[in-house]
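Thank you all for coming; I would like to walk you through one sheet and a few cysteines. Please have a look at the structure first.

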Amino acid sequence: MKIAVIGTGYVGLVTGVTLSEIGHQVTCVDVDKEKVNTLNKGVSPIYEEGLTELLEKNLERGTLTFTADYDEGMLGKDIIYLTVGTPQGKDGSADLTYIDKACDSIAASLQQNAIIVTKSTVPVGTNSYIKSRFEEKLSSNIKVKIVSNPEFLRQGSAVYDTFNGDRIVIGSDNTEALETIAEVNAPFNLPIVKTDLRSAEMIKYAANAFLATKISFINEIANLSEQVGANVDLVADGIGMDKRIGRAFLNAGAGFGGSCFPKDTNALISIGKEVDYTMPLLESVIKVNDKQRSIIADKVIANYADLSGKKIAVLGLAFKPNTDDMRDAPSIQITERLIEQGANLYAYDPVAIENAKKVLSGQVEYCSNIESALQNADMAIILTEWQEIKDFPLSAYKQYMKKPVLFDGRNCFTIEQINGSGIEYHSIGRPVEKAN
Ligand code: UDX
């Protein structure tokens, strides 16, 4: 199939590259000329495991190309994927400006009938709106059919997820278009769920909202466990073995962040408001998460009468491991609070430092490794569970720090590992371990 993909952000780039990998002829369109030039040279602007290899391979064999020119991008394409961003607007709803712009640019260049596939996360009903926008802008001899094909990719493992996802959701009110997109996706060899347009749109929001709910649920249980002397990791294992519950997404920590969970749970509440339906459960999920983000800072503050001049090593800044993404990362609020208290922060992250510099206060010193962040520190806090941080020997905390006090916002170590390490250890939903 000849496919165009509009937008080369996380979703667009992964979509374009993987569709070319399974044998389609793909042209990715992006208005950013510089980005297009870089991509045509095989350089990915984002850090995503396995992406560069597939990008280089498919550029070389001629199944993938990038352009900033819509006329070129639309030329002879049967299928056009919309993968532009839908950021959170001021009122919490999804901002559709980029969708509108992309639709109008497609309509201005399209010379043949095509299927429009929306991968961007859009409020329920948006695909019907997209259809009417095209009908308004296209000349009467050109027709488009609309399909919703939400993505469930996790940053950091987006390429893996594309080939190993649990399911592919395809929704359309046009059976022929639905079957064509099912065929396009057949080489991925994953179960396909076929729905109507609106149900597909809802599936995306409901999936993210449910996972966010699981996280806030376990964080609430964690905070109570701490008060009553239970260990939340054991509780999560104990309830997670019940197949109806499942162990995934029950890791207590510093709260969820990233470009999806915070934005999509807010957007779903906004969708409800539009039809006068309030969603108290999801409102609480967000409230619990906001509070959870401050818990590590609260613990630090509660343990020191005065933080001014104290050196704090911050290990991990990205909103989760294996990504350089800082969007909505809990590290933003936590570092801000500690700086307000007069602490001196020395931060290390394997890949997110350049992005962190753009969003964290200027008062953070950036370190090139864990050792230099820990050097002479009064305490350390872990905010991202990078493997490198989990593998760093506990004995080294004692070696480098002024005092080995560790606040672990991601429960990277078991209590057994900490016992006897000589580290004072504060974590989430588990008893405090005094240095011994
Ligand atoms: C998520 C969804 O998983 C994906 O399907 C969707 O398409 C986009 O949103 P992503 O944001 O990349 O993906 O990351 P994910 O691995 O889901 O983690 C999201 C946040 O939840 C992170 O901040 C992570 O630290 C946090 N989290 C996750 C927890 O706090 N505990 C958990 O048990 C799991």
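Let me begin with strand β13, residues 405–408, which pairs with β14 in the parallel sense over three bridges; strands here are DSSP runs of E of at least two residues and helices are runs of H or I of at least four, numbered from the N terminus, and two strands pair if DSSP finds at least two bridges between them. Within this pairing, Val405 stands opposite Glu424 in β14. I should say that this is a predicted model, in which local features need pLDDT of at least 70, side-chain atom pairs count only at pLDDT 80 or more, and totals for chains, interfaces and linings use all residues. Residues are numbered from 1 along each chain as its sequence is written, and side-chain values use heavy atoms, with hydrogens and water left out.

The open sheet has six strands, paired in parallel, in the order β11-β10-β9-β12-β13-β14. Because β11 (364–366) and β14 (424–426) stand at the edges with a single partner strand each, one side of each is left without a neighbour in the sheet.

Helix α12, residues 280–303, lies across β9, β12, β13 and β14, and runs at about 155° to β13; angles run from 0 to 180 degrees between N-to-C directions, with axes fitted to C-alpha atoms, for helices over the stretch in contact, meaning heavy atoms within 4.5 Å.

What, finally, is the count of disulfides? With a disulfide taken as a pair of cysteine sulfur atoms within 2.5 Å, the count comes to zero. The sulfur of Cys103 is too far for a bond, because the closest cysteine sulfur, in Cys28, is 17 Å away.
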